[in-house]
Each structure stands twice: as structure tokens, then as C-alpha cells.
Amino acid sequence: MNVAESLEAFVTWRETVGGRLGLVPTMGALHDGHLSLVRRARRETDRVVTTIFVNPTQFGSSDDLKAYPRDLDRDLALLREERVDCVFTPGEAMMYPGDFSTWVVVERLTDRWEGVSRPGHFRGVATVVLKLLNIARADRAYFGEKDYQQLRVVERLVQDLNVPTEIVPCPTVRESDGLAMSSRNVHLSPDDRRAALVLFRALSAARDACHAGERNGEALGRLVAETIGREPRARADYVAVADPRTLEPVTRVGRGGAVCLVAVWVGSVRLIDNVLLGSPG
Ligand code: AMP
């Protein structure tokens, strides 16, 4: 496995490889969710590149950035086991030199939800993703549905800016009790870890209610908010029942289905999760 710490090292490696290339961008602190993307890329492409870069421009506060878990040695060992061909670990100065001046802003899709709670977040995400797509020149890039709004934003930017890489959405990987895997879960105390199950409980309640015939978007949202409200250690940031493409709120779950998105503070950890409602997906 090649570990490219600089742009030059990565470009040199890239020039030597042919065949279909799969890209899996991550911020490290890898878990089975990340590895499911790597395994899918392994199955569908000839060469797999994983990037590990904790992107400072998508963090609101430097405290959140500083607290982000990092364990490069462990990450590299996991990726070696998955037979990844190359790991690209660029430094901040390479990605954002002092004269860096160009940003990617995806409009509309970023007006709500994470876009409101984390101003500037998607500008940082879209910019770094476009840079990584340009650097890697991959045939396919793999993104998790866990970060549903991010996935839609990346799909939009690739379409709008004619990026010749296919974006492959991958299902959310969960712990056996339903908690969506996230690098941030390591910050949960044992009590908060138990309380964090409220996200899955609330989303499952919405999915079940929808299956049982409840199609009113507001009623489904209320059910989710009330379920979260009953967990004393949790505080909902937002609960959305939205169109799965535009992410605009829906009053009724129609034929195209809906996505229920939540962001919840559990203790000092902010978690996000989502579920599709009323559609086969
Ligand atoms: P991150 O390191 O958090 O930026 O995530 C890197 C990629 O892994 C993103 O495309 C995420 O959506 C995806 N990802 C994170 N957690 C999960 C999960 N539990 N299941 C599936 N994909 C995930």
C-alpha cells in the first residue's frame, strides 16, 4: 500500500496506475462505515484510493476541529487489511496554501438543516471534495448516506461543474443496537452512548408510522421530536421531513417518498442520522 503524504507523491503514484479508480474520501478515525465504502470500491473498481484529511474549512470552531479524533497508524493498518492501493494524507498547507482564494458554494441545497446549524460547513465540504476529485481523477467516488445532505451537495456539484466522476451512495452502517457509526461516537460517555440510541428509536418510529399509513409530514416530524424530547440527555437541533432530492420540507409523504433528517445533541456531542420514508429505498 502506497502512502502519499504530498501532492507530488500522489500524482507520481497516480501516473503509474491504469484501470478504473475508486476514491473514498474520509477524515480518518476509521470505523466499519468507512470500511464499507472501501469494500464497495474494492469490488467495483481496479484500484482504490482512500484520502485521510481532517478538513479545517468545514469546521465552525477550532475547538471542534482540535477535538476531532485522529489515529493515523490505526487507520493505515485497517486500510492495509482492506488491500487499499494508495492512501493520500495531504497536509493543511498543501490543501490550503496562504494565497488560497477559491471556494465552491452549492446554493439552495445548503440553505437548510446542516447549512443553517453549521454556517460555512458545506462551502468547506464542497471545496475540499472538488479538490480531491480533481487530484484523484477517479472513475467513481463513494459517499455515505449517513451524511445525507452532504451526499446531495456532492452529487449537485459534480453535475453542475461537469466533474467526470460517478458518485456512488452507500447505505449507513450501524452498530448492532442501531446507532449509526460515526467517528464522533468515541466522545460519548457510557450514559450518553445509551441515550444516543434515541436517534434510531425516533427515526424507526417515523418509518413505522409511515408504513402504517401516516403520510402527514408535520405529524411524522412531531413524532420524531417528541420521541427525542423524552430522552433527558438529548436535545434536538433540528428534525426535518423533507423531499429526498431537494431537501425542502414536505407536508405530505408522496410517491417519491421523503427523508427524515435529525441532528441531536447528546451531552456535548452532536450526532446526525436519517431514514428514508415511504419509498422502497
Ligand atoms: P467522514 O470521515 O466522517 O468525513 O466520513 C467519510 C465518508 O464515510 C463519508 O462519505 C461519510 O458519509 C461516510 N460514512 C461515515 N459514517 C458512515 C456510516 N456509519 N455508514 C456509511 N458511511 C459512513
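Me: Which residues is Ala206 in contact with, leaving aside its neighbours within four places in sequence?

Reply: This is a predicted model, and in it Ala206 is in contact with Leu220, Leu223, Val224 and Leu277. Ala206 itself lies in helix 10, which covers residues 197-211. One of those partners is far along the chain: Leu277 is 71 residues apart from Ala206, yet their C-alpha atoms are separated by 7.6 Å.

Me: Is Ala206 buried or exposed?

Reply: The cut-off for buried is under 20% relative accessible area. Ala206 has a relative accessible area of 0%, so Ala206 is buried.

Me: How should I read a group of buried nonpolar residues?

Reply: In soluble globular proteins, nonpolar side chains tend to be buried together. Here Ala206 belongs to a core of 27 residues, which also includes Ala195, Ile228 and Val266. This core is separate from the largest nonpolar core, which has 45 residues.

Me: Which residues have the most contacts inside the largest nonpolar core?

Reply: They are Phe10 and Leu261. Several elements give two or more residues to this core, among them helix 1 (7-16), strand 2 (21-26), helix 7 (121-136) and strand 8 (258-266). Helix 7 gives the most, with ten residues. The core also draws at least three residues from each of domain 1 (2-170) and domain 2 (183-275).

Me: What does Phe10 touch, leaving aside its neighbours within four places in sequence?

Reply: Phe10 is in contact with Ala4, Val49, Cys86, Phe88, Ile135 and Ala136.

Me: How is the protein divided, and how far apart are the C-alpha centres of the two domains?

Reply: The division is into domain 1 (2-170) and domain 2 (183-275). Their C-alpha centres lie 26 Å apart.

Me: How do I read the interface between two domains?

Reply: The size of an interface is often given as the accessible area lost when the parts come together. In this model, domain 1 and domain 2 bury about 1800 Å² between them, and 51% of that is on carbon and sulfur atoms. Counted by residues, 22 of domain 1 are in contact with 21 of domain 2.

Me: How many salt bridges and polar pairs are there between domain 1 and domain 2?

Reply: There are three salt bridges between the two domains. Polar contact joins 15 residue pairs across the interface between domain 1 and domain 2. On the side of domain 1 that touches domain 2, the elements giving two or more residues are helix 3 (62-67), helix 6 (114-117) and helix 8. Helix 8 gives the most to that side, with four residues.

Me: Which residue forms a salt bridge with Glu248?

Reply: Arg112 does, and the closest N and O atoms of the pair are 2.8 Å apart.

Me: Why does Arg270 count as buried?

Reply: Apply the cut-off of under 20% again. Arg270 has 16% relative accessibility, so Arg270 counts as buried. Arg270 lies in strand 9, residues 269-277.

Me: Which side chains does the side chain of Arg270 make polar contacts with?

Reply: One is the side chain of Glu114, at 2.9 Å. Another is the side chain of Asp237, also listed at 2.9 Å. Not counting residues up to four places away in sequence, Arg270 touches further residues, including Ser117, Arg118, Arg184, Tyr238 and Trp265.

Definitions and conventions. Residues are numbered from 1 along each chain as its sequence is written. This is a predicted model: local features need pLDDT of at least 70, side-chain atom pairs count only at pLDDT 80 or more; totals for chains, interfaces and linings use all residues. Side-chain values use heavy atoms; hydrogens and water are left out. A nonpolar core is a set of buried Ala, Val, Leu, Ile, Met, Phe, Trp, Tyr and Cys residues joined through side-chain atoms within 4.5 Å. Buried means under 20% relative accessible area, exposed over 50%, partly exposed in between (1.4 Å probe, protein chains only). Domain bounds come from an automatic or database domain assignment. Contact means heavy atoms within 4.5 Å. A polar contact is a pair of N or O atoms within 3.5 Å; within protein, one must be able to donate a hydrogen and the other to accept it, and residues adjacent in sequence count only if both atoms are side-chain atoms. Buried area is the accessible area (1.4 Å probe) that two parts lose on being put together, summed over both. A salt bridge is a side-chain nitrogen of Lys or Arg within 4 Å of a carboxyl oxygen of Asp or Glu.
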